[in-house]
Amino acid sequence: MNVDLTAPQSKRESDPPVVARPGLALSAIPTKREMPSRATPVSEVAFEVSDLCCWFGQHQAVYDLSLRIPAKAVTAIIGPSGCGKSTFLRCLNRMHELVRGSRLSGQIRLFGEDIYGPRVDATLVRRRVGMVFQKSNPFPTMSVGDNVTVGLRLNGVRDRRVREEWMERALRMAALWDEVKDHLDRPGTSLSGGQQQRLCIARALAVQPEVLLMDEPASALDPIATTKIEELIQELKRDYTIVIVTHNMQQAARCSDYTAFFYLGRLVEYDKTEKVFTNPSNKQTEDYVTGRFG
Amino acid sequence: MERHFDQELGGLKEHLLRMAGFAEQSVAQALKALVQRDNVLANKVDDDDGILDQLEIEIDDRCIKLLALRQPTATDLRFITMAMKICSELERIGDQAVNIAHRAEELNKEPLLKPLVDIPRMAEHAQGMIHDALDAFVYAKPDVARAVINRDTKVDLLNRQLHRELTSFMIEDPHTITRCLNLMSIAHNLERIADHATNIAEDIVYLYEGRDIRHQNG
C-alpha cells in the first residue's frame with residue numbers, strides 16, 4: 001500500500017452508551033456560551049461547531065451556530081427549505097467554499113482538529129468527510145467497479161488487487177455487492193436509481209472516510225430503495241459518524257439518534273431524536289414536527 | 001395553521017368527553033340507586049354500560065387509524081396515545097358503577113343496616129376526582145390533574161375506616177354479614193374509581209407536560 005488512507009480514526013474499541021442528559025455531560029470540551037439546544041450529550045464528539053456563520057455574497061444563510069455532533073451515531077438535520085441545513089452540511093467538509101462569493105466565520109473541529117486551520121488541505125478534509133447527494137451521481141463514463149475505485153486511484157493506490165479488495169468491501173458495506181458482483185463492468189448509470197445511490201455511498205466509503213454526510217439521500221427513491229438506504233445507515237453507524245439532512249421527518253425519526261431543527265439559519269433545538277419527536281422543548285420545533293408550521 | 005388533522009383530533013376529543021360524561025353519569029346513578037334504594041335505576045346503570053363499551057371500541061379504533069394514517073408526533077402523539085389510555089380507564093369506571101348497582105340491588109332486599117354516611121362521602125370524593133381530572137383535560141391544566149392525584153389518599157383512608165367499622169358490625173351481629181360485605185364491596189368499588197381517576201390525572205400530566213409521573217412514591 002502506497003498511501004495511508006486510514007487517516008485518524010476515532011477510537012473503536014468501546015462504544016460507551018450515549019447518555020441522555022441535555023445540558024449535562026458537557027465538561028469534556030469547554031463551551032464559550034451555554035445554550036440549552038447547543039449541547040448534546042455525547043460519548044465522543046466528531047464535530048465541534050462553534051459560532052458558525054455562513055454567507056452567500058451579502059446573504060447570510062447560517063447564524064451563530066454551535067453544536068456538537070457525536071461520533072458513530074446518526075444526527076439528522078431537519079427544517080423547512082432555506083433554513084440553512086444543506087449549507088451547514090457543506091461547511092462540514094469544506095464544500096461551502098466552492099460556491100463563488102461564499103464565506104464563513106466561526107470554527108469547526110473534527111475530532112479536535114480545526115478543519116479550517118491555515119495548514120489544512122481541504123481535499124484531505126473531504127476525504128475524511130465523505131458526502132452523498134440527493135441525486136445519485138455516478139460518473140457516467142465509468143463502470144460500476146471504476147466508480148468505486150476511482151477515489152483510490154486518485155489517492156495513489158496503485159496495486160490493482162488492493163483496489164479490488166477495497167471495492168468489494170465498499171460495495172458490501174453499501175449492501176450492493178450481491179446485486180452488482182456479476183456485472184462490475186457495466187456502466188454505473190445502468191443501475192436502478194436506488195442502486196445508483198448505493199453505488200455513490202460505496203464510492204464515498206471506498207476511501208475510508210470517518211464521516212458520511214448525506215444530503216436528502218433517499219428523497220428521489222421509491223419506498224423499497226428508501227428502506228434499503230435507511231437500513232444501510234443503521235449498519236454504517238457502527239463504524240461511521242453520519243449526518244443526514246432530510247425533509248422527511250419520519251425518516252429522521254426512524255433512522256437518527258439525534259435531531260437538530262434549523263429555522264431561518266439558526267439552530268432552534270437539538271436533542272435526542274426520541275425527545276424531539278415525543279416532547280420537543282421548543283414551540284417552533286413542536287409546530288414543525290407536527291406539521292403545524294406556516 | 002389549522003390542519004385537517006386537527007378536525008380529526010377534535011372529533012376524538014369530543015368522543016372522549018362524551019364517554020367521560022357517560023362514565024360520570026353511571027357512577028352518579030349507581031350511587032343514587034343505593035341511597036334511594038331504587039332498583040329501576042340500578043337496572044338502568046347495568047343496561048347503559050353497553051354504551052361505554054361501544055364508545056371504548058370506537059375511540060380505540062379512531063386512535064389506531066390516526067396512528068397508522070397520520071404518523072403523529074409530539075403533542076399529537078401524546079394526545080392520541082393518552083386518549084387510548086383514558087378511554088380504557090373510563091370504561092373500567094363504568095364497570096365499577098355496574099358493580100355498585102348490583103350490590104345496591106342486593107342491599108335493597110334487606111332493611112337498611114344503618115344510615116349511609118361514609119359511602120356517600122367517599123363517592124363525593126371519587127366523583128370530584130373524575131370531574132376535576134376531566135376539567136384538567138378540557139382546559140389543559142396539568143396542575144389541576146396533579147391536585148387530583150393527591151386526593152386519592154383521602155379515599156383510601158375512608159375505605160379503610162369503613163372496613164374497620166363494618167368488621168365490628170359483623171363481629172357484633174352475624175345477621176349483618178351479607179349487608180356488611182355488600183357495603184364493603186361498594187367501598188372497594190369507589191376506592192377503585194378514585195384509582196382510575198388518579199390514572200387519568202397522571203395521563204393528563206403526561207399529555208400536557210410530556211412528563212411521566214407514575215409510580216414515583218414507591
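**Close-up views of chains A and B**

**Figure 1. Packing of helix H2 in chain B.** In this predicted model, helix H1 (4-35) and helix H3 (74-107) of chain B are what the buried residues of H2(B) pack against. Those buried residues are Ala42(B), Val45(B), Leu52(B), Leu55(B), Ile59(B), Arg62(B), Cys63(B) and Leu66(B). Arg62(B) is thus listed as buried together with residues such as Leu55(B) and Ile59(B).

**Figure 2. Length and end of helix H2 in chain B.** Helix H2(B) covers residues 39-70, a run of 32 residues. A rise of 1.5 Å a residue predicts a span of 46 Å, and the C-alpha atoms at the two ends lie 47 Å apart, so the expected and modelled lengths agree. Just after the helix comes Gln71(B), with a positive phi of about 40°.

**Figure 3. Chain B as a whole.** Six helices and zero strands make up the secondary structure of chain B, and their order from the N terminus is α-α-α-α-α-α. The C-alpha atoms occupy a box of roughly 65 × 40 × 25 Å along the principal axes. A compact globule of 218 residues would have a radius of gyration near 17 Å; chain B has 19 Å, and therefore agrees with that expectation. Of its 218 residues, 39% are buried. When contacts between residues at least 6 apart in sequence are considered, 79% of those in chain B join residues at least 24 apart.

**Figure 4. The contact between chains B and A.** Chain B contributes 10 residues to this contact, and chain A contributes 12 residues. On the chain B side, the residues divide into three nonpolar, four polar and three charged.

**Figure 5. Strands E6 and E7 of chain A.** Strand E6(A) comprises residues 129-132. Val129(A) and Met131(A) point one way from this strand, whereas Gly130(A) and Val132(A) point the other way. All four are buried. In general, side chains in a regular strand alternate between the two faces of the sheet. E6(A) pairs with strand E7 (residues 211-215) of chain A in the parallel sense, over four bridges. Within this pairing, Met131(A) has Leu213(A) of E7(A) as its bridge partner.

**Figure 6. The four-stranded open sheet of chain A.** The strands of this open sheet follow the order E2-E1-E4-E5 (chain A), and the pairing is antiparallel. Strand E2 (59-70) and strand E5 (113-114) of chain A form the edges, each pairing on one side only. At one of these edges, strand E4 (residues 102-110) of chain A pairs with E5(A) in the antiparallel sense over two bridges. Arg109(A) has Asp114(A) in E5(A) as its bridge partner.

**Figure 7. Chain A as a whole and its N-terminal segment.** Chain A contains 10 helices and 10 strands. Of its 294 residues, 46% are buried. Among contacts with a separation of 6 or more in chain A, 68% are between residues 24 or more positions apart. The average pLDDT of chain A is 85, and 85% of the residues score at least 70. Over residues 1-40 of chain A, however, pLDDT stays under 50. The model has 64 contacts beyond four places in sequence for that segment. Where pLDDT is low, predicted coordinates should not be read in detail.

Definitions and conventions. Residues are numbered from 1 along each chain as its sequence is written. Chains are lettered from A and ligands numbered from 1 in the order in which they are written. This is a predicted model: local features need pLDDT of at least 70, side-chain atom pairs count only at pLDDT 80 or more; totals for chains, interfaces and linings use all residues. The radius of gyration is taken over C-alpha atoms; the globule rule is 2.2 Å times the number of residues to the power 0.38. A residue is buried if 20 or more other C-beta atoms lie within 10 Å of its own, exposed if 12 or fewer, and partly exposed in between; C-beta atoms are placed from the backbone. Two residues are in contact if their C-beta atoms, placed from the backbone, lie within 7 Å. Ala, Val, Leu, Ile, Met, Phe, Trp, Tyr, Cys and Pro count as nonpolar, Asp, Glu, Lys and Arg as charged, and the others, Gly among them, as polar. pLDDT is the predictor's confidence in each residue, from 0 to 100. The expected span of a helix is 1.5 Å times one less than its number of residues. Two strands pair if DSSP finds at least two bridges between them.
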